[in-house]
Structures are given as structure tokens and as C-alpha cells.
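I opened my notebook beside the model and went looking for a few things worth jotting down. Here are my entries, in the order I made them.

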Amino acid sequence: MILPSKTEGQVKWKSPSNIALVKYWGKYGRQFPKNASISFTLSNAYSITQINYTHDPARIKNLVVNFTFEGKSNKAFEDRIISFLLSIKDEFTFLSNIALNIDSENSFPHSSGIASSASAMSALALCLIDIKQKIEGKTLSKLEFTKITSHVSRLGSGSASRSIIPKLAIWGEHPSFKSSNEYAIQVDEFLHPIFDNFHDDILIISPNEKSVSSTAGHKLMDNNPYAEERYKQANERLVHLTESMKIGDIVSFGKIVEDEALTLHALMMCSDPSYILMEPNTLHVINLIRSFRQKTKLPIYFTLDAGPNLHLLYPDGIKKEVESFINKELKTFCHNGKIIKDQIGNGPEKLL
Ligand code: DP6
């Protein structure tokens, strides 16, 4: 048998985080979602991953991984990456004869409370498929590359499947969309111009690590008494949300997005065991946002990830008013006054 010759090289990708508007919460099988979700791809919150690789079937008989985070070894991240790579080894056989030197960094501080699995796993998936193309000497079409990298990202972390897609992504089968459980798709047709340069300011209420990981939270949905109703509701909200977005009805967009954020946290509170990831200041800021909105009639809304931090969503046209509101009323409730200013973004970028 003639083994393929040795290939060495370097790849580097930058991939953004995303914020779900209708949330993925509950999964089954090999990382399939219990309901479809939709998200804005972000711009300033991203991971950069670089891999130096040697593929040599004649000499390397295993998967060899050396991982560093921002130049330093990080056991917890390395373990997650290795178990992910091992989980896809059967599908991607080149991983059985390769040495990978992986270094990753985030644009946001590690302890900012920002979940990094979406950006980190998507950046890793982009590097892996890029390496596969180089080893096989084949270049996929842009469409095929997006599909397969979103699929591989999903296997690393469900929400990461959406980070591959520019601007607005849907992941999960749904009768009203040509979407899939395997990978996310781009749905720009729902982006009314009011969403051009749309803002997402992330208010860091607490930088602490979550007491219950998202993966554990998904698992608790299996026995949640409201689960089935929730999956139905999420799929219905997705239809209403996209209809509102298409016509630029920001008031109903905002209502659905806030309902989704609070539903996510309500599901955590009625899991068994129950848990609460919001902090007192999360609620305080929510109340301030709602009374500011009532007073000014400005379209500013919030959403939450699986954590205490608030994402402030608003159109570019009101950025001055929002900035002064944040500085005057909200900043004091943020950890060390920390806010990450972000906006809807154009998806991943190849750096090397
Ligand atoms: C609340 O994608 O982090 O952010 O698939 O187990 O890695 P795993 O979970 P993850 O869950 C994200 C949950 C969420 C909602 C969302 O992004 O849709």
C-alpha cells in the first residue's frame, strides 16, 4: 500500500462569537438541537486559532495534540479539544496520522464572563477543514466549505455552528425554513435595513465562571416538565421573529427576544436541581432598561446568554442616546464598569 506523503503547514482563522435571539436549549443524539435557533453573528468578540501541522502516515500513527491558550498551556481547554478531535476521528481519518500544535486566543478577556465555546470551536473547525483540504489537495466550493465547517463546529459546540455564518444564522430543522440539524444556514432575507450595523453591547455583570455549564444545562432539559412545550414555543417564536425582522417591526422583535431570554432562565429555575445564573444586578439592569424604554420610547432591548451578563440590542440610529444611558445609569452595575461593544458581523476570516 502506498501511503500519502508527508504534508506540513500552517493555518490560521479568526471566528466570531454569536448571540442567539431564539435560544438553543435542549439537545439529543450527536449534538442535535431539540428546536431551531437563530442568532446574530458578532464582530468584536472573536477567537483566533493557529495550527501548525505535520501529517505523515508513514511515521505518525496517532493523533498528537499540543495545545496552548494565548501561549500558555491550559489543561481544561486541551482536554475538551482532544476529546472533540477523538470524537470526529472516524469521520476525518487524516486525524489518525497527524501532529497538531494549536494556539488559540480570544479578543475578549478570558475572565470576562463571555462564553468562548462558539468562537473557539468554530475557529478550530475552520482550521481543521482547511488542513484537510491541503492534505487532500482539493479545494471545496465556498458553499461546501461553509456547510462542512458549520457541521464540524456543531460537533464541538452546538451554538458554534452558527458562528460560521455571516450576519444572521438559523440552525435546526424547521418546517418553515430550509434549515438543517446538521449545520447552520444564512438567512439574510430577514434583515430589514434597521438591522444594518445593529449593536450588541455586552454588559459584564459578573466575570465569574458559571456554576452550571451549558452542556450540563442542556442535559437538565431532558427531565424538565416544560420541555416539550418549550421546544414548540421556540419554533413558533422563530416564525414570528423572522416575520417581524423582515418588515423591520423592531417592537415585536424586541418583545420576542426579551421573552426568549427570560424563558431560558426560567427553564433553569425550574430544572431539577434548579439553579439561577442571573445576579441581582442582572435584574436591576433589566428594570432600568425597561423603564428607560418606556420613558424615551427608544427601541433598546436586552437578551441573556446562559449567564448573568446582559446583551443590549439596538439600532445604529440611537447609539448616542444609548451611550449616554449606559454611562449615566448602567455602567455602575457592571463589574469594574466593563462593557464590550459589539455589532452584527460578517463571519470568519482566514488569516493564514
Ligand atoms: C444559552 O452551544 O454552549 O447560549 O452544545 O453543549 O456546547 P453545547 O452548548 P452551547 O449552548 C448554548 C446555549 C445558549 C443558547 C444559544 O446560543 O442558542
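**Around the ligand**

I began with the make-up of the shell around the ligand: by class it has five nonpolar, eight polar and five charged residues. A reminder to myself: this is a predicted model.

Next I asked which residues come nearest to the ligand. Of the 18 residues around it, they are Y24, K27, S157, G158 and S159.

Then I looked up polar contacts. An N or O atom in the side chain of Y24 sits 2.7 Å from an oxygen atom of the ligand. G158 makes its contact through the backbone, where an N or O atom is 2.7 Å from a ligand oxygen. For R162 I noted 2.8 Å between an N or O atom of the side chain and an oxygen atom of the ligand. I checked the cover after that: the ligand taken alone exposes 450 Å², and the protein buries 94% of that.

Which helix gives the largest share of the shell? I found that helix α5 (residues 214–220) does, with three residues.

Why does the ligand lie between two domains? Domain 1 (7–187) and domain 2 (192–343) both give residues to the shell, so the ligand lies between them.

**Strand β5 and its partners**

I moved on to strand β5 (residues 63–69). The strand is mostly covered, with five of its seven residues buried. On one pairing, β5 runs parallel to strand β7 (residues 98–106), and seven bridges join them. The other pairing I looked up is antiparallel: two bridges link β5 with strand β6 (residues 72–73).

T68 turned up in both pairings. In β7, T68 stands opposite D103, and in β6 its bridge partner is S73.

I also followed the chain through the hairpin of β5 and β6. There are two residues between the strands, and E70 takes a positive phi near 50° in this hairpin.

**Backbone oddities**

A note on what to expect: most residues other than glycine have a negative phi, and most peptide bonds are trans. With that in mind I listed some exceptions.

K167 has a positive phi near 60° and is not a glycine. I placed K167 in the loop between α4 (160–163) and β8 (168–171). Its relative accessible area is 32%, so I wrote K167 down as partly exposed.

N197, also not a glycine, has a positive phi of about 55°. N197 belongs to the loop between β9 (184–186) and β10 (199–203). With a relative accessible area of 46%, N197 is partly exposed.

Where is the cis peptide bond that I noted? It joins D272 and P273, with omega about 5°. P273 is in the loop between α7 (250–269) and α8 (280–296).

**Two last look-ups**

Is N309 buried or exposed? I found N309 buried, because its relative accessible area of 4% is under 20%. N309 is in the loop between β11 (301–304) and β12 (310–314). A polar atom of the N309 side chain lies 2.7 Å from the backbone nitrogen of I205. For the backbone nitrogen of S206, I noted 3.1 Å to a polar atom of that N309 side chain.

My final entry is P4, in the segment before β1 (7–22). P4 counts as partly exposed at 48% relative accessibility. From P4 to F92 I noted 88 residues in sequence and 15 Å in space, C-alpha to C-alpha.

Note on methods:
Residues are numbered from 1 along each chain as its sequence is written. This is a predicted model: local features need pLDDT of at least 70, side-chain atom pairs count only at pLDDT 80 or more; totals for chains, interfaces and linings use all residues. Side-chain values use heavy atoms; hydrogens and water are left out. A residue is near a molecule or strand if one of its heavy atoms lies within 4 Å of it. A polar contact is a pair of N or O atoms within 3.5 Å; within protein, one must be able to donate a hydrogen and the other to accept it, and residues adjacent in sequence count only if both atoms are side-chain atoms. Accessible areas come from the Shrake-Rupley method with a 1.4 Å probe; for residues, only the protein chains shown count as cover. Helices (H or I, at least four residues) and strands (E, at least two) are DSSP runs, numbered from the N terminus. Ala, Val, Leu, Ile, Met, Phe, Trp, Tyr, Cys and Pro count as nonpolar, Asp, Glu, Lys and Arg as charged, and the others, Gly among them, as polar. Domain bounds come from an automatic or database domain assignment. Buried means under 20% relative accessible area, exposed over 50%, partly exposed in between (1.4 Å probe, protein chains only). Two strands pair if DSSP finds at least two bridges between them.
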